[in-house]
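Dear colleague,

I am passing on the structure we spoke about, together with some notes on what was found in it. Please have it open beside you as you read.

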Amino acid sequence: MSDIAKLEIDGKTYEFPVIRGIENEIAIDIKSLRSVTNGIITLDAGFKNTGSCESKITFLDGEKGILRYRGYAIEDLTKKANFLEVAFLIIFGELPTKAEFNKFEKDIKRHSLLNEEMKDIIDGFPKVAHPMGMLSSLTSALTAFNPATVDINSKEDLYESIVKLMGKFPVLAAWAHSKNQGTPLNYADNSLNYIENIMQMMFKIPTETYKMNPIAVKALDELLILHEDHEQNCSTSTVRIAGSSEAGLFASISAGVSALWGRLHGGANQAVLEMLEDIQKDGGDVEKYIAKAKDKNDPFRLMGFGHRVYKNFDPRARIIKKAADDLFEDLGTNDPVLAIAKHLEEVALKDEYFAERKLYPNVDFYSGIIYRALGIPVEMFTVMFAIGRLPGSIAQWKEMRLNHEPIGRPRQLYTGYAHREFKSYSER
Ligand code: ACO
């Protein structure tokens, strides 16, 4: 392929460099478009064809169903590494040595205590507040207790803010859960690992001894590894854009949590389980819901199906499906919702509508079933996703800042009124 792309407008030809990624992805660099054409821009709603940055963190090939963090296959990482090890890889670029891992884990634990005044903020939320709303607010509130901005040029400063956020974020998530449940706010126990701590902070009650289930810990660890990064998705792009104004790490991550909340993105895991429960309550008629999803006059969509970039299959969904099977076998549970999910998947995959549009189960199709088996309530599903995504969001923010990327500021094509004379009240 040529190294130059040509664009012809009004008989004039403009040339733009064609650049290649490491896996031969091709991009036309249109940085100079507006200046050389005297104001012409591209229009790409939803950024379906627009690369917003160059990145060394995650590679995914939607056609081939490939996902790699820093070059390592997701299949290997879920089998051979743990969540924090992968977090280190994603944030700092290499798998940690044992000494590096131990230091990283210890430094994160050093920050697992929250300022007690955070409890006053939690007290202010109504009990029914959605935990994603609480998590976003509490993450932003961390800035109040850490007012100094991170000096991006200081390695130590940057590292400190990263381990601080990694330490405090799961506590905020667990406290949002406890607020909903009306149970006491648990502290981290630094003798436990990262995932065990999430479990005990969420589920331990003072009147009982909390018994850690290693099967559940392993399943959660694997599930959260799958969520750690996913290149320039909606919430990650939000983190990068917010951070590009030089908003701090905590504020940018808080913006990302809000973006993740929506049901077309991270919120899909909650929506999937609610959909499966509805189908179950409605007698389990899977075909009826497939027909609804295909009906253009019906707003119903098959939640957990389809993906902006995976047009073959979502490799994470394959791993999760197996993890769900293993977990159910290990725990000896028999959830009728899993049977409905499998039936739904089977029928949809054979259906022309879904095949033509390349709609396959995505990461969220089975994740909710796993969370449910772990005793995590539906409202907390997206919070679990947010905990999983934290290392990726941090890595993306860090990369964007260290690359000194310009402030994110898209253009628009104005289609509103042309100039109008102002009308006073009596003329309106
Ligand atoms: N059920 C039924 N039809 C669907 C579905 C679905 N889940 N998803 C897409 N389609 C159809 C659309 O109606 C459209 O049909 P048309 O060409 O006849 O108009 C076609 O497939 C293409 O869909 P778009 O919405 O244009 O695809 P887009 O890339 O914009 O959206 C998205 C991707 C948002 C994920 C979409 O597939 C969806 O809404 N899925 C359900 C929600 C979901 O599971 N989200 C989680 C994604 S994974 C994540 O974020 C972690």
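To begin with one pair of helices, H14 and H15 are roughly antiparallel to each other, since their axes cross at roughly 150 degrees and angles over 145 degrees count as roughly antiparallel. Please bear in mind throughout that this is a predicted model. The axes of H14 and H15, the latter being residues 336–350, come within 12 Å, and H14 passes H15 in a left-handed crossing. On the H14 side the contact is made by Lys321, Asp325 and Phe328, which meet Leu338, Lys342 and Glu345 of H15. Sorted by class, the residues of this contact of H14 with H15 are two nonpolar, no polar and four charged.

H14 also packs against a second helix. The axes of H14 (residues 315–331) and H17 (residues 363–373) come within 8 Å and cross at roughly 20 degrees, which makes H14 roughly parallel to H17. Here, too, the crossing of H14 past H17 is left-handed. From H14, the residues taking part are Arg316, Ala317, Ile320, Lys321, Ala323, Ala324, Leu327, Phe328 and Leu331, and they meet Val363, Tyr366, Ser367, Ile369, Ile370 and Ala373 of H17. By class, this contact of H14 with H17 has 12 nonpolar residues, one polar residue and two charged residues. You will find Lys321 and Phe328 of H14 in the contact with H17 and again in the contact with H15.

Elsewhere in the chain, helix H3 (residues 83–92) and helix H4 (residues 98–110) pack at an angle of about 95 degrees, with their axes 10 Å apart, and that angle makes H3 roughly perpendicular to H4. H3 contributes Leu84, Glu85, Ala87, Phe88, Ile91 and Phe92 to the contact, while H4 contributes Glu100, Phe101, Phe104, Glu105 and Ile108. The class count for the contact of H3 with H4 is eight nonpolar, no polar and three charged residues.

Lastly, there is the ligand, which is surrounded by 22 residues, the closest being Arg301, Leu302, Gly304, Arg308 and Tyr353. Which atoms of the ligand do the polar side-chain atoms of Arg308, Tyr353 and Arg357 lie beside? For Arg308, a polar side-chain atom lies 2.8 Å from an oxygen atom of the ligand. In the case of Tyr353, the partner is a nitrogen atom of the ligand, at 2.9 Å from a polar atom of the side chain. Arg357 places a polar side-chain atom 3.0 Å from an oxygen atom of the ligand.

With best wishes

Key
Residues numbered from 1 in each chain as written. Predicted model: local features only at pLDDT ≥ 70, side-chain atom pairs only at ≥ 80, totals over all residues. Heavy atoms only, no water. Axes fitted to C-alpha atoms, helices over the stretch in contact; angles between N-to-C directions. Helix = DSSP H or I, 4+ residues; strand = E, 2+ residues; numbered from the N terminus. Parallel < 35°, antiparallel > 145°, perpendicular 65-115°, else oblique. Left-handed = near helix turned anticlockwise from the far one by under 90°. Contact = heavy atoms within 4.5 Å. Nonpolar A, V, L, I, M, F, W, Y, C, P; charged D, E, K, R; others polar. Near = heavy atom within 4 Å. Polar contact = N/O pair within 3.5 Å; in protein donor to acceptor, adjacent residues only side chain to side chain.
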